[in-house]
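New to this protein? Take a look at the sequence and the model first, and then we'll walk through it together.

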Amino acid sequence: MQSDHQNESEVGMSFYMLVFALVFLCMSLATLVPSSASRVAILSAPWSTAAIDSAVAAEGALLGTIGNGRYLVVAASDKPDFIEQLYNHGALLVLSPLIFDACRSGLNAFGE
């Protein structure tokens, strides 16, 4: 009888941990969604076009890179379809530039 109560307690705890993890994941993803196309971080896949090439092809202004710009760059544009164009030119993900700010230790900002 005590083992049944213990199993129910473990199931309840697992459920709460799962809910907490899902809420945390949703909140984390929400902070990564770009609020506008004016300034975005562009992440490219290793097998596709470099992030810096995607930004240039979509006519964005480069604001900075992480490393050599192969995988992560920040770009800006006033074009309303900028994010769509980035995906069309090979971007894997287009994120809020907060991810870029978190990686500042490897920053190579243009003009700095």
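What follows is a quick tour, from the whole chain down to a few residues.

Keep in mind that this is a predicted model. The protein has 4 helices and 5 strands, and if you read along the sequence they come in the pattern α-β-α-β-β-α-β-α-β. There are 112 residues in the protein, and 28% of them count as buried. The exposed surface comes to about 7,300 Å², with carbon and sulfur atoms supplying 64% of it. As for contacts between residues at least 6 apart in sequence, 65% join residues at least 24 apart.

Now for a closer look at one spot. S77 sits in the loop between β3 (72–76) and α3 (82–88). Its side chain reaches the backbone nitrogen of K79 at 3.0 Å.

K79 has another partner too: its side chain meets that of E59 in a salt bridge, at 3.7 Å from N to O. The two come from distant parts of the chain, 20 residues apart, with E59 in the loop between α2 (51–57) and β2 (61–66) and K79 in the loop between β3 and α3. How many salt bridges are there in total? The count comes to 1.

Here's how these three residues fare for exposure:

| Residue | Relative accessible area | Status |
|---|---|---|
| S77 | 9% | buried |
| K79 | 25% | partly exposed |
| E59 | 59% | exposed |

So S77 counts as buried because its 9% falls under the 20% cut-off, while E59 counts as exposed because its 59% is over 50%.

Methods:
Residues numbered from 1 in each chain as written. Predicted model: local features only at pLDDT ≥ 70, side-chain atom pairs only at ≥ 80, totals over all residues. Heavy atoms only, no water. Buried < 20%, exposed > 50% of the residue type's maximum accessible area, 1.4 Å probe, protein only. Polar contact = N/O pair within 3.5 Å; in protein donor to acceptor, adjacent residues only side chain to side chain. Contact = heavy atoms within 4.5 Å. Areas by Shrake-Rupley, 256 points an atom, 1.4 Å probe, with all protein chains shown as cover. Salt bridge = Lys/Arg side-chain N within 4 Å of Asp/Glu carboxyl O.
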